[in-house]
Amino acid sequence: MRVLLAGATGAIGRPLVRALVRDGHEVLGLARSEGSAAAVRALGGTPVRADALDREGLLRAVDGLSADAVVHQLTALRTPRRTLAADDPSNVLRDLGTVHLLEAAGVLGAGRFVTQSLVLGHGYRDHGDRVLTEEDPFGVRAGTVADHVVTGLVAAEERLFAADHVAGIALRYGIFYGPGTWFDPTPGSRTVPVPLGGGGTVPWLHVDDAAGATVAALERGRAGEAYTVTDDRPATWGELAAARPGRRLLLPAPLLRLAVPYLGCLMLDTHLRASHAKATHDLGWTPRHPDHRSGMRAG
């Protein structure tokens, strides 16, 4: 299968390119700069110089090319912003970026499209001990700044499922950790702020497992379906930070909320458990790292 991958040099994109190539697929990786293009080549893919937010440039870049599938892994999550708004860069990528990539899929003749979503779309609130599945409400707002993230996730899924020229599949990943993420186990990585007391319990996912699930979705996912993709053991933010080499910045809850209100919603207000049973049944996927301890040891 030939795959156009948007986000080929990101935290998920890098292991995803390797996983696709390892499974015998050909990767066309979007690259906005020559540095990104060189990274795509080093990973085993073929760069396509374009910016997903530049519609005309993107369509020119893919004109004359062909692909079987498009994968949307573009986000702008590297540094948490103090405030969020409707035009947050990740929201723009999820909304307008999806629109442009769907158009590119038509030019390429791609029949499949996999997009990144997040389990957090179920809502930044305390869900108790209930284990959520794809049948539970998605796109639930709580009246906080985190609603902007939920709106972006819903926009990406709705635009994909409304497109009639591709078989659309959404992957609702857990919170990422691993190389290139906020919880990077590489020695010398940045200091991570976490709430005193550990914060809420949420689902996690190593980026290598995210890549594996994405390949499985490309190969076996059913059109019009969303799949929850998490590891087996939810954990608190404090547990992840404790398992990671490097320094932690422990912040009292009021200070965390004041410093970055979004992190207050994410780390303090959200308690969420989710099941990957559907992904296991339909895609034949299970996490190689069943919990964060295994994943952090693997790097």
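Just after helix H3, glycine 64 takes a positive phi of about 90°. This is a predicted model, and H3 is a convenient place to enter it. The helix covers residues 55-62, and its buried residues are Gly57, Leu58, Leu59 and Val62. These buried residues pack against strand E1 (2-6), strand E2 and helix H4 (89-108).

Helix H2 can be read in a similar way. It runs over residues 34-43, and Ser36, Ala37, Ala39, Val40 and Leu43 are buried in it. Looking down the axis of H2, the buried residues fall within an arc of 160°, so they line one face of the helix. The face turned away from that buried side carries Gly35 and Ala42, which are exposed. What do the buried residues of H2 pack against? Their partners are helix H1 (13-22), strand E2 (26-31) and strand E3 (46-49). Strand E2 therefore appears in the packing of H2 and also in that of H3. A glycine with a positive phi follows H2 too: glycine 44, just after the helix, has a phi of about 110°.

The next topic is empty space. Rolling a probe the size of a water molecule over the atoms shows where empty space is left. In this model the count comes to 1 cavity of 30 Å³ or more. The largest cavity holds about 30 Å³ of space. Which residues line the largest cavity? They are His72, Leu74, Thr75, Arg94, Thr115, Gln116 and Ala156. By class, this lining has 2 nonpolar, 4 polar and 1 charged residues.

The last topic is the aromatic rings. A pair of aromatic rings is described by the distance of the centres and the angle of the planes. A search of the whole structure finds 6 aromatic pairs. In one of them, the rings of tyrosine 173 and phenylalanine 176 have centres 5.2 Å apart and planes at 55°, so this pair is tilted. Tyrosine 173 is buried, with a relative accessible area of 0%, and phenylalanine 176 is buried with 15%.

Tryptophan 204 and tryptophan 237 form an edge-to-face pair, at 4.8 Å centre to centre and 75° between the planes. Tryptophan 204 lies in strand E11 (residues 204-206) and tryptophan 237 in helix H7 (residues 237-243), so the pair ties together parts that are 33 residues apart in sequence. Both of these tryptophans, 204 and 237, are buried. Ring pairs also link Trp204 and Trp237 with Trp182 and Phe183 into a cluster.

Terms used: Residues numbered from 1 in each chain as written. Predicted model: local features only at pLDDT ≥ 70, side-chain atom pairs only at ≥ 80, totals over all residues. Heavy atoms only, no water. Buried < 20%, exposed > 50% of the residue type's maximum accessible area, 1.4 Å probe, protein only. Helix = DSSP H or I, 4+ residues; strand = E, 2+ residues; numbered from the N terminus. Arc of directions from axis to C-beta. Contact = heavy atoms within 4.5 Å. 1 Å grid on protein atoms, 1.4 Å probe; cavity = no way out; pocket = protein on both sides within 12 Å on 5 of 7 lines; lining within 4 Å. Points joined across faces, edges and corners; volume = space filled by probe spheres on them. Nonpolar A, V, L, I, M, F, W, Y, C, P; charged D, E, K, R; others polar. Phe/Tyr/Trp six-rings, centres within 6.5 Å; stacked < 30°, edge-to-face > 60°.
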